[in-house]
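This briefing introduces one protein chain to a reader who has not seen it before. Please look over the sequence and the structure first, then read the points below.

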Amino acid sequence: MSTADRLTDALYGLGWSTVKKLPEPAAVRLGRSVADLAWKQRGKGVLRLESNYARVVPDATPERLAELSRAGMRSYLRYWMESFRLPAWSAERVKSGFECKDAHYLSDGIASPRGLILALPHMANWDLAGAWVTTELETPFTTVAERLKPETLYDRFVAYRESLGMEVLPHSGGTAFGTLARRLRDGGLVCLVADRDLSASGVEVEFFGARTRMPAGPALLAQQTGALLMPVTLWYDDSPVMKGQVHPPIEVPESGTRAEKTSVMTQALADVFATGIADHPEDWHMLQRLWLSDLDPAKGPA
């Protein structure tokens with residue numbers, strides 16, 4: 001393990017061991033202070049966040065974009081402070097920490113024998129939403145995690161999410177899809193963060209007026225298993241309670257090839273994600289390049 005990897009792992013370990021012991025108001029203040037410091041330094045992540053927000057809010061002035069990126073960093077650090085503390089939260093604190101609109105779609109889907117896929121963008125705190133599902137709804141689920149470097153950091157994330165009641169599969173290795181399909185055929189629940197493609201097989205979609213790729217997995221799983229596919233969007237407000245909305249199921253088109261159906265369904269997911277992100281841009285934690293023209297300038301308009 002390199003020195004940088006050891007340092008990264010040590011810092012995350014310190015976060016989980018120390019932050020979870022802080023009183024909640026102190027953790028909130030710490031998160032905001034760290035966010036403001038990072039924002040003032042104008043590093044690569046902050047600049048990329050600001051660039052992505054410029055796609056979401058195309059008429060924003062530079063001053064508005066700066067405000068958005070500052071709010072975005074505060075939202076991002078709120079996610080981390082909550083995540084560091086979640087293992088120490090009581091079941092009641094988890095249940096009271098999330099308020100879900102149109103939760104009947106979720107409860108009806110869980111009750112269905114078809115299986116259910118929830119697809120989310122990188123908004124607010126998807127780990128808290130997952131912990132709410134396992135506690136309030138008493139429903140375990142399976143998810144996929146990006147294999148992080150160093151390996152010890154990935155192991156920490158897996159152990160953390162498993163402690164919240166999730167089954168975690170590695171994104172790499174090629175076996176995740178088959179396992180997810182089996183869980184769905186058994187009537188289980190699968191949750192996938194689905195606004196950024198981590199493979200070479202993503203589906204091109206139109207997203208805030210430009211092309212990007214999103215994972216094909218949710219649409220393919222729905223077609224292959226007959227499971228319901230539902231988008232979920234999350235956001236914060238000024239309260240300690242995270243908010244979320246479960247959207248109506250995305251149907252499998254009646255006609256077309258598998259690739260054509262996958263394209264239509266993934267575009268429908270992207271459209272729901274875009275609506276949620278446009279309503280709460282500061283809670284979309286996309287600090288990486290996303291659009292094809294940003295990944296490869298040759299993909300941009302001529």
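In which loop is Ala124 found? Ala124 lies in the loop between β2 and α7 (126-135). The model is a predicted one. The points below start with the whole chain and then turn to its core, one helix and some backbone angles.

**Overall build**
- The protein chain contains twelve helices and nine strands.
- Its radius of gyration is 19 Å, close to the 19 Å that the globule rule gives for 302 residues, so the protein chain is as compact as a globular protein of that length.
- The C-alpha trace of the protein chain spans about 50 × 50 × 40 Å along its principal axes.
- Of the contacts in the protein chain with a separation of 6 or more, 75% are accounted for by residues 24 or more positions apart.

**Surface and charge**
- Of the 302 residues in the protein chain, 47% are buried.
- The protein chain exposes about 14200 Å², and 54% of this is supplied by carbon and sulfur atoms.
- The protein chain has 34 positive and 37 negative charges, and the mean positions of the two sets are 6 Å apart.

**Nonpolar core**
- The largest nonpolar core holds 87 residues, and Phe207, Leu234 and Trp284 have the most contacts inside it.
- Helix α4 (residues 62-85) gives the largest share of this core, with eight residues.
- Leaving aside residues up to four places away in sequence, Leu234 touches ten residues' worth of neighbours that include Phe98, Leu120, Met123, Ala124, Trp126 and Met242.

**Helix α9**
- Helix α9 covers residues 176-185, and its buried residues are Ala176, Thr179, Leu180, Ala181 and Leu184.
- In an α-helix there are 3.6 residues a turn, so residues three or four places apart point the same way.
- The cover over the buried residues of α9 includes the strands β2 (116-120), β3 (141-145), β4 (166-170) and β5 (189-193), and also α10 (217-225).
- Gly187, just after α9, takes a positive phi of about 85°.

**Positive phi outside glycine**
- Ala124 is not a glycine, yet has a positive phi of about 50°.
- Ala124 counts as buried because its relative accessibility is 0%, and Ala124 is among the residues that Leu234 touches.
- Arg42 is not a glycine either, and has a positive phi of about 55°.
- Arg42 sits in the loop between α2 (24-41) and α3 (44-56).
- Arg42 counts as partly exposed because its relative accessibility is 35%.

Note on methods: Residues are numbered from 1 along each chain as its sequence is written. This is a predicted model: local features need pLDDT of at least 70, side-chain atom pairs count only at pLDDT 80 or more; totals for chains, interfaces and linings use all residues. Side-chain values use heavy atoms; hydrogens and water are left out. Buried means under 20% relative accessible area, exposed over 50%, partly exposed in between (1.4 Å probe, protein chains only). Helices (H or I, at least four residues) and strands (E, at least two) are DSSP runs, numbered from the N terminus. Contact means heavy atoms within 4.5 Å. A nonpolar core is a set of buried Ala, Val, Leu, Ile, Met, Phe, Trp, Tyr and Cys residues joined through side-chain atoms within 4.5 Å. The radius of gyration is taken over C-alpha atoms; the globule rule is 2.2 Å times the number of residues to the power 0.38. Accessible areas come from the Shrake-Rupley method with a 1.4 Å probe; for residues, only the protein chains shown count as cover. Lys and Arg count as positive and Asp and Glu as negative; His and the chain ends are not counted. The place of a charge is taken as NZ of Lys, CZ of Arg, CG of Asp or CD of Glu.
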